[in-house]
Amino acid sequence: MSYHQSQLFNAWVVLRPAEDVRGQWVAHCLDLDAVTQGDSPSHALNMAIEASSMILLDDIERGVNPVLRRAPEQFWSDMENLLQQSTQIEASQLHESVASGRFGAFIVQMFLNVQKHTQSIPLLLAGPSTADALQQAH
Amino acid sequence: MPCHFRDLKRVSEEAGCTVEEPSKGSHWKVRKDGKMYPIPVHNGLKTEIGNHYISGVERALGLTDLKTKL
C-alpha cells in the first residue's frame with residue numbers, strides 16, 4: 001500500500017489518567033499503537049499529535065506501512081466499551097470537562113494531514129469518571 | 001512500575017537501540033532495526049515515564065524484557 005504525501009490519516013486516541021505517574025495523563029493512539037503522556041488531557045493530546053506525526057513521517061520516509069503498527073485488539077475492545085458509555089463533547093469543552101471531574105477518560109478521533117503537518121480534531125468523546133476509568137483498566 | 005527517562009534511555013541503548021535527541025518538539029526518538037518510536041520527554045532526564053508507555057515501546061520495537069531491566 002502506498003501513501004500519497006497529502007493523504008489524511010484517521011487515528012483514534014484514548015486519554016486516561018496515568019495509573020502510576022501522579023498528575024500525568026496517558027494518550028494512546030490505537031491506529032499507530034503510539035503511547036505518550038502529558039501534564040493534562042490537552043497536553044497529552046498535543047503530545048499524541050506530535051508523536052503520531054513523527055511516526056507517520058518516519059514510516060513514510062522509510063517506505064514502511066504505518067497501518068502495520070495498529071494496537072492489539074484488546075485495546076480496541078477497551079475503547080469500544082468506553083465508547084458505549086461516552087458522551088460527545090466539543091473539543092473546546094475539554095478543559096472545562098476535566099475541571100468538572102465529570103469525565104475521567106476521553107476518546108478523540110483525529111485526522112492528521114501528513115504533508116502539511118497540521119491536524120483537526122472534529123470529534124471528542126468523554127468517558128466515565130476517573131474512578132470508573134481506572135476501575136475499568138484493572 | 002514507572003521509571004525515569006534516563007533509565008529508559010540507558011536500558012534501551014543496552015538493548016541495541018539508538019536514542020536520538022530531537023531538534024524540535026518534546027519527543028526523543030528510540031530506534032531499533034530502522035523502526036522508530038517517540039519517547040515523551042517534557043521534563044528532561046528526570047521525566048517520569050509510566051508503565052503503559054513502557055509496554056508500548058516493548059511492543060513497537062520487539063523488546064520483551066525492558067521492564068525487567070528497569
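1. Helices here are DSSP runs of H or I with at least four residues, numbered from the N terminus, and with that convention the first helix of chain A, H1(A), is followed just after its end by A:Gly63, which takes a positive phi of about 70°. This value, like every other one in this note, belongs to a predicted model.

2. H1(A) itself has 21 residues, and its span from first C-alpha to last reaches 30 Å, close to the 30 Å expected at 1.5 Å a residue.

3. The contact between the chains draws 20 residues from chain A and 17 residues from chain B. On the side of chain A that touches chain B, at least two residues each come from strand S2 (25–29), strand S3 (34–38) and helix H1 (41–61) of chain A, with H1(A) giving the largest share, 6 residues. By residue class, that side of chain A divides into 9 nonpolar, 4 polar and 7 charged residues.

4. In chain B, 3 strands make up an open sheet with antiparallel pairing, in the order S2-S3-S4, and its edge strands, S2 (18–20) and S4 (35–40) of chain B, each pair on one side only. From one strand to the next, the twist averages 25°.

5. Within that sheet, S3 (residues 27–32) of chain B pairs with S4(B) in the antiparallel sense over 6 bridges, and B:Trp28 has B:Ile39 in S4(B) as its bridge partner.

6. Two helices should be considered against these strands: H1(A) lies across S3 and S4 of chain B and runs at about 165° to S4(B), while helix H2 (residues 51–61) of chain B also lies across S3 and S4 of chain B, running at about 170° to S4(B).

Methods:
Residues are numbered from 1 along each chain as its sequence is written. Chains are lettered from A and ligands numbered from 1 in the order in which they are written. This is a predicted model: local features need pLDDT of at least 70, side-chain atom pairs count only at pLDDT 80 or more; totals for chains, interfaces and linings use all residues. Two residues are in contact if their C-beta atoms, placed from the backbone, lie within 7 Å. Ala, Val, Leu, Ile, Met, Phe, Trp, Tyr, Cys and Pro count as nonpolar, Asp, Glu, Lys and Arg as charged, and the others, Gly among them, as polar. The expected span of a helix is 1.5 Å times one less than its number of residues. Two strands pair if DSSP finds at least two bridges between them. Axes are lines fitted to C-alpha atoms, for helices over the stretch in contact, and angles run from 0 to 180 degrees between N-to-C directions.
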